[in-house]
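Biologist: Can you pull up the model and walk me through it?
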Amino acid sequence: MDAAALSTLLQTAAPGATVEPLGSSDMPTIGVDREHLLDVFAVLRDHPSLQFAFLVDVTAVDVLPALPRFEMVYHLACLGPHYLTAGATQAAAPSRLRVKVGLPGDDARVPSVTSLYPTAGWPEREVFDLFGIAFDGHPDLRRILMPDDWQGHPLRKDYPVQIRKDAAAWSPLQMTPEEFARNVRAGREQATRDARPAGPQSDTRD
Amino acid sequence: MPELRSETMTVNMGPQHPSTHGVLRLVLELDGETVVSADPTIGFLHTGIEKTAEQKKWQQVIPLVERMDYLGPQSNSLSFCLSVERLLGLELPDRVIWIRVLIAELNRLSSHLVWLGTHGMEIGAVSVMLYCFREREQLLNINEMLAGFRLFPSYIRIGGLREDLPRGFHDAVKEFLDKFPGKLAEYHKLLTKNHVWLGRTKGVGKLTREQTMELGIVGPMARAVGIPYDVRKTFPYLKYETFDFQVPTHTDGDVYARYLVKMDEMRESVKICQQALERITPVGQYDCRDYRIVPPPKDRVYTEMEALIQHFLLYSQGFNVPKGEAYVPVEGPRGEHGFYVVSDGGNRPLRVKSRAPSFIACQALPKMIAGGLIADVIAVIGSTDVVMGDVDR
């Protein structure tokens with residue numbers, strides 16, 4: 001299915017959403033408005049003729065000085081007969097899709113797709129860490145690659161390539177086991193404590 | 001008698017733990033010997049390769065990306081080059097494609113050998129490590145023969161290969177391929193029916209089909225739960241559709257199933273290598289011969305003015321890549337591995353993003369570890385085959 005046909009399908013299936021086909025040389029690419037991003041992703045994943053069950057990657061591009069400044073880029077894939085989504089009876093043809101969302105530089109927020117694709121958890125944290133784009137509804141949004149007390153977002157185009165930065169002053173390592181445990185917990189306060197897994201097959205994300 | 005304490009204990013595993021494949025820190029919450037929850041902390045090996053790549057010319061990015069996944073370096077450079085070549089609209093001669101296939105598969109063998117060796121050693125089978133590194137040494141020698149560099153050959157370039165195959169290459173690869181199936185049988189003898197090995201791996205670190213897909217895990221780990229997705233078959237690149245090979249799958253989804261899948265993959269890789277080696281002619285083209293992108297041959301640079309100018313332009317200014325974006329994934333040793341590259345039409349990339357399979361696998365670690373025993377943590381980490389260079393980039 002090419003980008004134009006897909007946009008028409010999505011606009012009927014997700015009412016109110018602005019979906020436009022964008023030109024690209026390697027795979028169909030569509031642009032979506034961020035207000036209806038989750039609606040569109042739900043259709044992409046669950047529609048029997050689309051079945052984009054595999055979220056390949058989430059990333060962003062800083063296109064400074066162009067506007068809008070940030071471009072969120074989602075890569076999706078349908079694996080065809082190898083994986084049918086829940087409720088689907090017939091396999092869709094294997095295909096790839098790129099979804100883009102433009103974000104203004106002074107309001108870099110976008111809904112998190114972790115509720116639909118749990119795999120987006122870490123990639124979205126990476127984008128938050130390196131670009132400073134906030135994800136609404138993310139269960140555990142904190143820095144992932146850079147140190148917790150880092151200032152700035154390195155992959156932004158206005159972030160210098162070479163900087164001299166003093167090491168952060170860390171508190172000495174001597175601490176009681178209680179303090180250690182409290183420190184660890186403080187780092188993941190947002191992670192739900194009540195959803196404690198019972199076995200290796202339990203799902204902690206409910 | 002003192003009162004028996006029953007609260008859980010928080011233990012820090014890593015970042016210097018020898019069995020965590022580099023510098024992975026796991027904060028484990030333990031109830032006796034059972035892991036209640038795990039929280040992986042990464043970033044200790046973050047070197048900002050993606051930021052550095054934005055400052056480099058296109059061809060200078062290749063040595064950088066090879067250092068991301070340092071056990072499968074050529075799958076990095078292959079996927080990067082394929083993406084850039086898609087933007088450039090380059091068509092490569094068949095000989096280059098067959099050589100690339102051969103290199104990619106040898107690279108998979110080399111990576112799987114390190115995985116098997118370290119994975120075995122971590123859960124007690126030390127002799128396997130010695131066997132695997134013996135065979136990997138031969139593959140590193142082949143790399144050295146190709147490019148003069150054992151770990152990061154940078155042999156695959158945008159527009160083709162760095163130079164033609166060296167003399168004696170066919171014989172060296174053939175010798176390796178002839179012996180390797182026998183060595184693989186040796187590994188099977190050591191492990192596959194080994195009682196201790198079965199005890200340590202069967203039923204450990206299980207994932208279901210649905211969890212695997214939700215967590216975005218593909219590659220050998222997905223094939224171990226019965227999702228036969230392989231980029232080489234489903235979205236063929238490098239004319240993989242013309243090669244005869246199987247995609248091995250198992251359905252248990254535990255550490256043992258992942259072990260079996262990867263062992264079978266090595267067998268299939270040998271088959272592909274043999275077919276590719278047959279197709280490579282001793283003499284022929286080794287790049288696209290578009291001298292805006294690849295350097296002209298040295299003998300012409302020394303004798304012709306035009307070739308000298310081309311050479312000078314290429315190494316001083318590089319080449320421009322048309323405005324656009326491309327993502328062409330390959331089946332790396334750890335699953336779908338691709339580079340999303342964006343160009344603004346200049347001689348440097350606007351953005352280079354690696355879809356790192358280890359990063360995604362690392363995210364799934366708590367799912368596999370929680371509820372199991374602390375001794376199984378190492379078995380699970382080993383089975384995911386995470387490379388921290390690929391996780392942190």
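Modeller: Here we go through the chain contact, the core and one sheet. This is a predicted model: local features need pLDDT of at least 70, side-chain atom pairs count only at pLDDT 80 or more, and totals for chains, interfaces and linings use all residues. Residues are numbered from 1 along each chain as its sequence is written, with chains lettered from A and ligands numbered from 1 in the order in which they are written.

Biologist: How many residues does the contact take from each chain?
Modeller: Chain B gives 47 residues and chain A gives 38 residues. Contact means C-beta atoms, placed from the backbone, within 7 Å.

Biologist: How do the residues on the chain B side divide?
Modeller: That side has 21 nonpolar, 14 polar and 12 charged residues.

Biologist: Now the core. Which residues touch the most other members of the largest one?
Modeller: A:Val40, A:Phe52, A:Phe54, A:Leu76, B:Val84 and B:Val380, out of 163 residues. Helix α4 (residues 94-122) of chain B gives the most to this core, 13 residues.

Biologist: What is A:Phe52 in contact with?
Modeller: Leaving aside neighbours within four places in sequence, A:Phe52 contacts A:Leu44, A:Arg45, A:Leu76, A:Ala77, A:Cys78 and A:Leu97.

Biologist: New topic. In what order do the three strands of the chain B open sheet come?
Modeller: β1-β2-β3 of chain B, with antiparallel pairing. Pairing takes at least two DSSP bridges. β1 (9-13) and β3 of chain B are at the edges with a single partner strand each, so one side of each lacks a neighbour in the sheet.

Biologist: How many bridges join β2 to β3 in chain B?
Modeller: Seven join β2 (residues 25-31) of chain B to β3(B). B:Arg25 sits opposite B:Thr41 in β3(B).

Technical notes: Two residues are in contact if their C-beta atoms, placed from the backbone, lie within 7 Å. Ala, Val, Leu, Ile, Met, Phe, Trp, Tyr, Cys and Pro count as nonpolar, Asp, Glu, Lys and Arg as charged, and the others, Gly among them, as polar. A nonpolar core is a set of buried Ala, Val, Leu, Ile, Met, Phe, Trp, Tyr and Cys residues joined through C-beta atoms within 7 Å. A residue is buried if 20 or more other C-beta atoms lie within 10 Å of its own, exposed if 12 or fewer, and partly exposed in between; C-beta atoms are placed from the backbone. Helices (H or I, at least four residues) and strands (E, at least two) are DSSP runs, numbered from the N terminus.
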